[in-house]
Amino acid sequence: MLPVLYLVIALIVVALVARGITPYLPADGPIRAMPNIVLGLLAVGIVLFLINNYIPMAQSIKAILNIVVVVATCVGILKAVGLWEPIARTWTKLINSHKLEPPSPKVEPPSAGRPA
């Protein structure tokens with residue numbers, strides 16, 4: 001139970017520091033969102049740690065849960081810093097550029113000199 005208490009205390013300390021620093025950050029945009037991203041990562045990490053250690057479930061389900069949480073966290077971070085839309089647009093262009101056109105049916109022109 002003591003490691004959980006340490007994790008909660010660390011999260012509270014980081015939240016207080018981030019709350020104190022945020023108004024004084026001179027930057028705009030994604031740099032200003034960094035304390036929120038760090039807090040989100042800490043919260044996700046703590047929740048995932050608690051689920052992995054204190055909730056009994058099959059190892060395969062834990063692995064799937066970990067993969068889903070990591071992918072969702074990566075997408076969330078990319079959205080927070082404004083990189084998700086360019087990546088999604090690039091992926092769509094890449095996928096659409098490799099699509100093959102279906103072959104058009106060949107139509108033979110009628111030959112005038114051919115006997116019937």
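**Exercise 1. Classify Val38: is Val38 buried, partly exposed or exposed?**

*Solution.* Val38 has a relative accessible area of 42%, which makes this residue partly exposed. The classes are buried (under 20% relative accessible area), exposed (over 50%) and partly exposed in between, with a 1.4 Å probe and protein chains only. Next, place the residue: Val38 lies in helix 2. Helices here are DSSP runs (H or I, at least four residues), strands are E runs of at least two, and both are numbered from the N terminus. Finally, look across to Ala18: the two residues are 20 apart in sequence, and their C-alpha atoms are 8.8 Å apart in space.

Before you go on, a word on the model. It is a predicted model, in which local features need pLDDT of at least 70, side-chain atom pairs count only at pLDDT 80 or more, and totals for chains, interfaces and linings use all residues. Residues are numbered from 1 along each chain as its sequence is written, and side-chain values use heavy atoms, with hydrogens and water left out.

**Exercise 2. Find out which elements have the lowest and the highest mean pLDDT.**

*Solution.* Recall that pLDDT is the predictor's confidence in each residue, from 0 to 100. Start with the whole protein chain: its mean pLDDT is 82, and 84% of its residues reach 70 or more. Then list the elements: there are four helices and zero strands, in the pattern α-α-α-α along the sequence. Among these elements, helix 1 has the lowest mean pLDDT, 77, and helix 3 the highest, 94.

**Exercise 3. Describe how helix 1 and helix 2 pack.**

*Solution.* Two packed helices are described by the angle between their axes and the distance between the axes.

- Step 1: helix 1 covers residues 2–21 and helix 2 residues 34–54; their angle is about 170° and their axes are 10 Å apart. Axes are lines fitted to C-alpha atoms, for helices over the stretch in contact, and angles run from 0 to 180 degrees between N-to-C directions.
- Step 2: the two helices are therefore roughly antiparallel. Angles under 35 degrees count as roughly parallel, over 145 as roughly antiparallel, 65 to 115 as roughly perpendicular and the rest as oblique.
- Step 3: residues of helix 1, including Leu7 and Leu11, meet residues of helix 2, among them Val38 and Leu42. Contact means heavy atoms within 4.5 Å.
- Step 4: by class, this contact of helix 1 with helix 2 has 15 nonpolar, no polar and no charged residues. Ala, Val, Leu, Ile, Met, Phe, Trp, Tyr, Cys and Pro count as nonpolar, Asp, Glu, Lys and Arg as charged, and the others, Gly among them, as polar.

**Exercise 4. Now do the steps for helix 2 and helix 3.**

*Solution.* The angle is about 175°, with the axes 11 Å apart. Helix 2 and helix 3 are therefore roughly antiparallel to each other. Leu41 and Val44 are among the residues of helix 2 in this contact, and Thr73 is one of those from helix 3. The residues of this contact divide into nine nonpolar, three polar and one charged.

**Exercise 5. Compare Thr73 and Arg19: which is buried and which is exposed?**

*Solution.* Thr73, found in helix 3, is buried, with a relative accessible area of 18%. Leaving aside neighbours within four places in sequence, Thr73 is in contact with Leu41 and Val44. Arg19, in helix 1, counts as exposed at 71% relative accessibility.
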